[in-house]
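Subject: The structure I promised you

Hi,

Here is the structure we talked about, with my notes underneath. Have a look at it first, then read on.

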Amino acid sequence: MSSPTTPAATTATLDYNGKSLSLPVITGSEGEVGIDISQLRAKTGAITVDPGFGNTGACRSSITFIDGERGILQYRGYPIEELAEKSSFLEVAWLLINGELPSAKQLTEFEQLISIHTMVHQDFNRFFEGFPKDAHPMPVCAAAVGALATFYQQPETEQNLRESVIRLIAKMPTIASYSYKHSIGQPSMYPQNKLDYSSNFLHMMFATPCEDYVVNPVLAKAVDMLLILHADHEQNCSTSTVRVVGSSRANLFASISAGISALWGPLHGGANQQVIEMLDAIEAEGGDVQKFVNKAKDKKDNSRLMGFGHRVYKNFDPRAVILKKSCMDVLNTLGIKSRQLDIAMQLEDIALKDDYFISHKLYPNVDFYSGIIYKALNIPVNMFTVMFTLGRMPGWIAQWLEMHKDPDTRIVRPRQIYTGATKRPYIPMNQR
Ligand code: CMC
């Protein structure tokens, strides 16, 4: 980023093979700078190499801004801290998708629309019955969201797309809770449209046909805040997946189903489950936190401190700061003593003073404390990443819609540096 006194240059020069190439420089609204190399191959025959795309800007986007060095996260210009404290998940969903905060009337209409689309087609029950009982809910959710494309096959006109957006946000809690109920062998619960979004999800998770579930407003508020914190995070792995799949003009449901699969990975959304498993393993092995930190530093050992580190945040993750406080508030309100929270805080304390973690710029990320809150809310461990999915839905949708409207969008098709065998003749089987 350029400092306020030194404006960014408008071109960069690349010297290659005795030729000099002038490359345009693009500057974003918050001052980030990108060198446009889109003509590089045409003009030089060379491509760029950037494993993991750590230095590659894949698009221009006006949805989410992150400054990893300064720990800043903003949705459409609004700081995450303010949204987490003052907004609701559906208001944030509207903001991400439409670009502005809704008026009171717009929000009420949006909430009503969401509440009347919460049911899934009755045939979906048969779909869920087909999965093994011990199926992880993440692939079940990915399959179910992909299957929505079979129920809503209309061409993607503006109006149909608006309906698909409402359906995805409205049905995701129903699909998520069905995947859980199926895994524990209980009948799925119908949504109750009089409840707000997060309360309705808790109702579908924990009510049974024999017993009502009275939603504790403290828990519903905590869920809503967690969903806000997860709602978007610019070009992360799953969002990039949604854009990559969507760039081939695959439909919205198919693109988001692919995003759910990407989110499942333990280095991405799956880390929140891994954090609790790690805390449990530390406790089971006698609670020696330092020993685990040493293992995470040891290059010969594959262990990592789950919930630590981030590709973008190199100082602190603002979501983790909000979550740590919320975690303590929720546990205090519910009067829960958590051994996992004690171990997590010890881990954080040791790691933040350790040279390895300091020099590698590794800090707690969003997944470090979220799992402890989910545990306090009685959300089962294998549903943690599904909670992330619920939250990320409006972000994926907003990014997919933005990509579709962007005239610069091209099908995503990276290149490679080939390192395999050079041309050689086929060897018949009897000569090998
Ligand atoms: N524990 C120990 N060492 C780590 C960790 C960790 N959690 N994370 C990174 N490192 C080390 C890594 O070994 C490497 O060391 P060296 O340079 O000496 O070889 C260096 O830090 C850079 O690691 P990297 O894997 O190249 O970094 P990355 O930017 O590709 O990966 C990450 C980012 C989040 C995948 C990684 O930090 C990680 O695996 N963290 C644990 C999993 C986790 O918590 N994931 C959730 C991310 S936040 C939610 C989301 O948005 O998905």
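Let me start with a small one: is lysine 295 buried, partly exposed or exposed? Lysine 295 counts as partly exposed, because its relative accessibility is 29% and that class covers what lies between the 20% and 50% limits. Keep in mind throughout that this is a predicted model.

**Salt bridges**

Lysine 295 is a handy way into the charged pairs. Its side chain meets that of aspartate 301 in a salt bridge, at 4.0 Å from N to O. Aspartate 301 is partly exposed as well, with 24% relative accessibility. In total, the structure holds 14 salt bridges. As a general point, side chains of opposite charge can pair when their charged atoms come close.

Two others are worth a click. Aspartate 354 and lysine 297 form a salt bridge through their side chains, with 2.8 Å between N and O. This pair ties together distant parts of the chain, 57 residues apart: lysine 297 belongs to helix α13 (residues 289-297), while aspartate 354 sits in the loop between α15 (339-353) and α16 (355-359). Aspartate 354 is the buried partner, because its relative accessible area is 10% and buried means under 20%. Lysine 297, at 26%, counts as partly exposed.

The pair of arginine 167 and glutamate 163 is a local affair. Both residues lie in helix α7 (residues 158-183), four residues apart, which is about one turn of the helix. Their side chains meet in a salt bridge of 3.8 Å, N to O. Arginine 167 counts as buried at 13% relative accessibility, whereas glutamate 163 is partly exposed at 28%.

**The ligand**

Now for the ligand. How many residues surround it? There are 20 of them, and the closest are His268, Arg304, Leu305, Arg311 and His360. By type, that shell splits into nine nonpolar, seven polar and four charged residues.

Some contacts to look at on screen:

- Histidine 360: an N or O atom of its side chain is 2.7 Å from an oxygen atom of the ligand.
- Phenylalanine 308: here a backbone N or O atom lies 2.9 Å from a nitrogen atom of the ligand.
- Lysine 299: an N or O atom in its side chain is 3.0 Å from an oxygen atom of the ligand.

On its own the ligand has 930 Å² of accessible area, and the protein covers 75% of that.

**Domains and the tail of the chain**

If you like to colour by domain, the chain is divided into domain 1 (11-57), domain 2 (77-268 + 383-402) and domain 3 (271-376). Note that domain 2 comes in two stretches. Between the C-alpha centres of domain 1 and domain 3 there are 38 Å.

Last stop: threonine 409, in the segment after α18 (384-405). What does its side chain meet? A polar atom of that side chain lies 2.6 Å from the backbone oxygen of methionine 403. Threonine 409 is partly exposed, with a relative accessible area of 30%. For a sense of scale, its C-alpha atom is separated by 39 Å from that of leucine 202, which is 207 residues away along the chain.

Shout if anything looks odd when you open it.

Cheers

Definitions and conventions: Residues numbered from 1 in each chain as written. Predicted model: local features only at pLDDT ≥ 70, side-chain atom pairs only at ≥ 80, totals over all residues. Heavy atoms only, no water. Near = heavy atom within 4 Å. Polar contact = N/O pair within 3.5 Å; in protein donor to acceptor, adjacent residues only side chain to side chain. Areas by Shrake-Rupley, 256 points an atom, 1.4 Å probe, with all protein chains shown as cover. Nonpolar A, V, L, I, M, F, W, Y, C, P; charged D, E, K, R; others polar. Helix = DSSP H or I, 4+ residues; strand = E, 2+ residues; numbered from the N terminus. Buried < 20%, exposed > 50% of the residue type's maximum accessible area, 1.4 Å probe, protein only. Domains from an automatic or database assignment.
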